[in-house]
Each structure stands twice: as C-alpha cells, then as structure tokens.
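Subject: Structure for you to look over

Dear colleague,

I am passing on the structure that we spoke about, and below it I have set out what was found. Please read the notes with the model open beside you.

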Amino acid sequence: MTTPQVIQQTFSVPFAFPVVFTRGLFDPANPVLKNVLTRLDEPGPHRVLAYLDSGVAEAFPELAGQLARYAAAHPSVLELLAPPQVLTGGEAIKNDLPGFVGRLDELVDQRLCRHSVVLAIGGGALLDAIGLAAALVHRGLRLVRVPTTVLAQNDSGVGVKNAINYRGTKNLLGAFAPPFAVINDFDFLRSLPAAAWTDGIAEAFKVAVIKDSAFFAWLCDHAAALRARDEAAMEYLVRRCAELHLEHIRSSGDPFEFGQARPLDFGHWSAHRLEGMSKYAISHGRAVAIGLALDAWYAVLNRWLDVASFEALYAGLSESGFDLWHDLLEEAGEEGVLLLLHGLREFQEHLGGHLCVTMPRGIGSKFEIHEMHHDQILAAVRKLKEMAAARSARS
C-alpha cells in the first residue's frame, strides 16, 4: 500500500458589497444606483435585467416608467434590456419550481454575462428566488437587491443567502452568494399593508435578544410607535438591525454557515415548522415572533433568562402587533405528540445531523444547546396559550 500524497489547498476570497440607505432611488437626480453599478470603475454601460414584485408594481404603478427614465438619463452607465418583469412575490415564488426554471431560461436567453446585472426589486421571497437564479447562471451574475419590505430591508435582503422551497421544505435548495449591492429605499415602506410593516419587527427583536440589550430596550420602548407606523422609528430599526446582521456575517468567522451554529436562526426552528404546517398562511414574521416567545420561555424554564426579560419580550412583541398564539402550536399527531416537534428534526437535518439551537443567556448574549426536552417545549406551548387567553380576557 502506497503512502497517500496530499496537497492541502487553502485560500480565502474577500467579499465586499455596499448596503445603501436612501429615498427616491429611481429619481434620475439620485446618484445611488449609478454609483453602485460603477463602483468597480469598469467601462459601461452595464446590461441590466430587472424583476419587480407584483405587490410593489401594484403599489407603485409608475415604477417601471421611472426605471426606464433613469436608464435614459444615464445611458453610459446602464442599458435596460427589457421592461421590468413583474412576478408574484411571497412564498408562491419560492414554491414555483417551473417558474424558477423559467427565470434561468430568461437569464440565459438575454445572454447575460458575469458583468451583467440582475436587479431584483421586491420582498424577501422574490429576492431569494431571483438571487438563486442569478447565482446559478455562469456561476454567478451580479445581483443588486432593492428590498421593499421591512423584513427584507433589515434582515434577509442584506444577507448572503438565496433559496427556494422544495418538496415542502423551506429553503431546501439554495446557495450562499453575496449580492453585488443592496439598496434600501425607505419610500417603499410607506405602501406596506399592516402585516408586512410589522413582520420585520420580529427579526429586530430576534437579533436584539441575542446581541444588543440596548437595542432590545429601545424596541420595547418604541413598540407602540412602530405599530403606529412611526417612520423615523422604523428607519432606525431597519438600520440598526441591518448593522447587527452585517456585523454577524462579517465577524462570526462562519458567514457561509459551514459549522453547526446558526445564531441568526434563534426562534426559527418552530417558526419554519409553523409556516409549513399552515401552508404559509402564517407569515414569516408572525411565526418568528411566536418562535421567539416559545424559546424565551424555554430559556426561563432552564434559568438562562429571567421572567422579567421574558415578559418584556412578550409585551414588546404583542405591542408591536403580533398575536403570539396559534392553534397549530398544540396540534398533535400519533400518540399525542406535537406536530410542532417535527421542526426540531427538520432543523437538525438542515444543520447536518447535529442539533444546535441558539438560546439567550440574559438579554444581549447567547449560547448554543444541542438538545431540547419535549416536556419543556410542551410547557412553553401551554404558557403561550395561557398568556394569550389572559391577554384576550383583559381586552
């Protein structure tokens, strides 16, 4: 038997992309998009294919025309290959595998190259699906994300993940592919319906609980203002939450999640399960809010979090507009086992077979656990039901 010869290959690749906050992005006088496309000092014009969320197109019917006028005002910078294609957003686009293949065909048929730009304007689900298509063609086209919801602007839209759902499992097909740029235009938030306005607040609480006690206190203090659509408060929430999200990606040492820990998935093992059980009738934000409350009480039972902190979190989420109870939480299958618990198995499979769940240790810090006791999860479910009943009786 010969001795194996090994060449150990190690290298790193620096990733850099701007996250810009602005208003009036497609006003020809606004230089943000122009500056983003030319940031590498390459000769133009840059060939751009745009996709637009149908909800955004309905709320801003003039948007396609604005983009065309922007391109006409800056012909040396961008060449708009076609009018923006309007697509149905939400989980529908992530569940539509034939539609996803159609996106791949479009990118290929337009003869885009690795210096071309895919401009995705919409909520997190559309950004996810278009981002994955862009990541696959030519091993990666340049993706410029324009998130239009709170949830996308403060969380998913500024990250490095792209995915679609497959065979009933959320985000089963995906790729880590950093965007070329992210542009958050606060003007888009004004058109959001109440639920979409509120949804991103849950992700802000998530990151505050595990990373920033001062931000957590601010969220609790401003919960009512956020629910009342205070724009200044929401702009601060978006920026601070995005900062914390980006800081984690930059400094965690594991931006592509090769390891087991997923701190930014705190509260998500049950959230993803609830979304699937409801066939996505429960929004992601509400599911996360419920998941945060559930895991926070689990932490109380294990003395990792004090009762006062749990109550502050529960009150903050409730005052922000979240209903923290759903009957699916106590739906049971064979032998009376909660169907919710299948979420732990799915989470474990996603992590490579080893369960690793982030828990708070007080407000503003975190640690990882590798098992969860079903009796304590059931106790947490009962606690949420009890608190929802008490809240309903008071109102």
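Leaving aside its neighbours within four places in sequence, which residues is Arg286 in contact with? Please bear in mind, before the answer, that this is a predicted model. With those neighbours set aside, Arg286 is in contact with Asp199, Phe322, Asp323, Trp325 and His326. Arg286 itself sits in helix H13, which covers residues 284-301. A further pairing to look at is that of Arg286 with Glu203, since the two are 83 residues apart along the chain while their C-alpha atoms are separated by 9.8 Å.

A second residue that can be treated in the same way is Leu339, whose place is in the loop between helix H14 (307-320) and helix H15 (342-350). When its neighbours within four places in sequence are left aside, the residues in contact with Leu339 are Arg273, Met277, Glu331, Ala332 and Gly333. Of these partners, Arg273 is 66 residues away from Leu339 in sequence, and the C-alpha to C-alpha separation of the two is 8.6 Å.

Turning to the protein as a whole, its secondary structure comes to 16 helices and eleven strands. The radius of gyration is 22 Å, close to the 21 Å that the globule rule gives for 395 residues, so the protein is as compact as a globular protein of that length. Along the principal axes, the C-alpha trace spans about 75 × 60 × 40 Å, and 51% of the 395 residues count as buried. As for contacts between residues at least 6 apart in sequence, 76% of them join residues that are at least 24 apart.

Among the strands, E7 (residues 161-166) and E8 (residues 169-176) run antiparallel and are joined by five bridges. Tyr166 has Thr169, in E8, as its bridge partner. The hairpin that E7 and E8 form has two residues between the strands, and in this hairpin Arg167 takes a positive phi near 50 degrees.

The search for enclosed space covered the whole structure and found one cavity of 30 Å³ or more. The largest cavity holds about 40 Å³ of space, and its lining is made up of Arg23, Phe186, Leu189, Arg190, Trp197, Glu231, Met234 and Glu235. By residue class, this lining divides into four nonpolar and four charged residues, with no polar ones. Helix H11 (residues 231-251) gives the most to the lining of the largest cavity, contributing three residues.

Among the open sites, I would point you to the second largest pocket, which has a volume of about 540 Å³. Its lining comprises 24 residues, and those that lie nearest the centre of the pocket are Phe15, Gly140, Leu141, Arg142 and Pro178. The elements that give two or more residues to this lining are helix H6 (124-136) and strand E6 (142-147), and H6 provides the largest share, with three residues. The lining of the second largest pocket divides into 16 nonpolar, four polar and four charged residues, whereas that of the largest cavity has four nonpolar and four charged residues and no polar ones.

With best wishes

Terms used: Residues are numbered from 1 along each chain as its sequence is written. This is a predicted model: local features need pLDDT of at least 70, side-chain atom pairs count only at pLDDT 80 or more; totals for chains, interfaces and linings use all residues. Side-chain values use heavy atoms; hydrogens and water are left out. On a 1 Å grid over the protein atoms alone, a cavity is a set of points where a 1.4 Å probe fits but cannot get out, and a pocket is an open set with protein on both sides within 12 Å along at least five of seven lines; lining residues have an atom within 4 Å of a point. Grid points are joined across faces, edges and corners, and a volume is the space filled by probe spheres set on the points. Helices (H or I, at least four residues) and strands (E, at least two) are DSSP runs, numbered from the N terminus. Ala, Val, Leu, Ile, Met, Phe, Trp, Tyr, Cys and Pro count as nonpolar, Asp, Glu, Lys and Arg as charged, and the others, Gly among them, as polar. Two strands pair if DSSP finds at least two bridges between them. The radius of gyration is taken over C-alpha atoms; the globule rule is 2.2 Å times the number of residues to the power 0.38. Buried means under 20% relative accessible area, exposed over 50%, partly exposed in between (1.4 Å probe, protein chains only). Contact means heavy atoms within 4.5 Å.
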